[in-house]
Amino acid sequence: MGVDLRQVVAGILTLTMFVMLGQMIKRDHFDSLQDKLPGDGEGAHFESVNAIENDGLVKLSKRSKGPWMEDIQELKPCWSRTDLDEIEQSRGYVTFSLTNGPEYHVSQIADAVVVARYLTATLVLPDIRGSKPGDVRNFEDIYDVDKFMKSLDGIVKVAKELPNEISIRDLAAVKVPNRVTEDHIVESVEPVFKSKGNIRLATYFPSVNMRKTAQKSSVDSVACLGMFGTFELQSEVLEVVDSMIERLRTLSRKSNGKFIAVDLRVEILENKNCHGSGSARAKSCYNAQEIALFLRKVGFDTDTTIYLTQSRWDNSLGVLRDIFPKTYTKESVMPEEKKGKFLESEDSEFEKVIDFHICSQSDVFVPAISGLFYANVAGKRIASGKPQILVPADIPATSAPITNYLSPYVAKRNHLAYSCFC
């Protein structure tokens, strides 16, 4: 019985389509383990390499060895301070704390600014609380107080502390969901504020959702300002971050000073289920071996410099260093004289902040773990013209175009940052 060559070719093409579809589903799953927005359905697909380049999302570098992508022009804020009426007088106080690391700080500050602005209340400078009881830092230990207060001048009145006559015990505790809406403030916050006069705000995260929405709101400009225009690192922390980035670029001479930052923390991988689920075997995190294979298959040379958010070296990372010998953690690239304060203390808050900012400034960012760290680093990178964010996948072939794995936040322009920047 003869074999029809056309049928064989058709079968191969069909199989290839199913493999590609599986990879697309995995990347969407990585971005949204809990949420799907209307109109962002199962039929969504990634553009081809040429289409993505033509849209100006990324541009492959011709000056560096490997599949490096160039930065794009830094985006400009869509919001304008002139659109916001100045607050002439305020009544009552809104207090809050920053918790759980910089990826949460971004959202907590934005929500607090939105609430205080709507209530015409004075916002009290937050403290920073670590994961252990009694682990409390001042805002100025990590962030630039003058920058924060100046950025909100005329928008929200800011006080460095509560007046002596107001006791912390008299504050009414109010919880708000991340990306708090005007309706929620009217229904659940304003009545308490009017009754008690002063409130203590806490943001909770019902889901990790940093996609932009089609609906416009009167609080959007304030939220954008709070999230992207209010806080910078204080000088000593910034100096440490800059020195570590400079060290990584020095180690990357063969790639014109370019390096990759990978958010890979062993303790989180051990506590999360990183195995695939469902027919598409979608995954929420990737281990060191999977990241190494992914980076090689999309074309990165073994001389590539890689920075890991893992604080100290772990034996499970050896397989990554076997393939990419220039793989480093903080202990390898932090200045020796800074380790006592920023690395060897029991408080990990400095380490989280350093990781967040290095991942935001690297030439490529690869989130081995899905979640808010990935989402808010993506927002900071988009705002600063660094869209080179690759979502890892198990690539069945020996190689694949790098732009096939560009984060959907960038490829689809669906990150909240695209609502704030033009």
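A residue is buried if its relative accessible area is under 20%, exposed if over 50%, and partly exposed in between, with a 1.4 Å probe and protein chains only. The model is predicted: local features need pLDDT of at least 70, side-chain atom pairs count only at pLDDT 80 or more, and totals for chains, interfaces and linings use all residues. Residues are numbered from 1 along each chain as its sequence is written, and side-chain values use heavy atoms, with hydrogens and water left out.

**Exercise 1. State whether Met-69 is buried or exposed, and find its place in the chain.**

Step 1. The relative accessibility of Met-69 is 1%, so Met-69 counts as buried.

Step 2. Met-69 belongs to strand E2, residues 69–70. Helices (H or I, at least four residues) and strands (E, at least two) are DSSP runs, numbered from the N terminus.

Step 3. From C-alpha to C-alpha, Met-69 and Lys-258 are 9.9 Å apart in space, while 189 residues separate them in sequence.

**Exercise 2. Describe the protein chain as a whole.**

Step 1. The protein chain has 16 helices and 13 strands.

Step 2. Of its 422 residues, 52% are buried.

Step 3. A contact means heavy atoms within 4.5 Å. Among contacts with a separation of 6 or more, 74% join residues 24 or more positions apart.

**Exercise 3. Describe helix H5: its span, its bend and its cover.**

Step 1. Helix H5 covers residues 182–196, which is 15 residues. The expected span is 1.5 Å times one less than the number of residues. From first C-alpha to last, H5 reaches 20 Å, close to the expected 21 Å.

Step 2. At Val-189, H5 bends by about 45°; the bend is the angle between axes fitted to the seven residues ending there and the seven starting there. A proline, Pro-191, follows within four residues.

Step 3. Val-189 is also one of the buried residues of H5, together with His-184, Ile-185, Glu-190 and Phe-193. Their cover includes strands E3 (93–99), E8 (172–177) and E9 (198–204), and helix H3 (102–119).

Step 4. Just after H5 comes Gly-197, with a positive phi of about 90°.

**Exercise 4. Classify the aromatic pair of Phe-342 and Phe-350, and explain why it has that class.**

Step 1. Rings of Phe, Tyr and Trp (its six-membered ring) pair if their centres lie within 6.5 Å; planes under 30 degrees apart count as stacked, over 60 as edge-to-face and the rest as tilted. The structure holds 11 such pairs.

Step 2. The centres of Phe-342 and Phe-350 are 4.7 Å apart and the planes stand at 65°, so this pair is edge-to-face.

Step 3. Phe-342 is buried, at a relative accessible area of 0%, and Phe-350 is buried, at 1%.

**Exercise 5. Describe the pair of Phe-356 and Phe-373, and what lies around it.**

Step 1. Phe-356 and Phe-373 are also edge-to-face, with 5.8 Å from centre to centre and 90° between the planes.

Step 2. Phe-356 is in helix H13 (residues 349–361) and Phe-373 in helix H14 (residues 372–383), 17 residues apart.

Step 3. Phe-356 counts as buried at 3% relative accessibility, and Phe-373 at 7%.

Step 4. Arg-265 lies over the face of Phe-373, 5.2 Å from the ring centre. A charge sits over a ring if NZ of Lys or CZ of Arg is within 6 Å of the ring centre and within 35 degrees of the ring normal.

Step 5. Asn-376 is in H14 too and touches Phe-356, among other residues.

Methods
Lists of a residue's contacts leave out its neighbours within four places in sequence.
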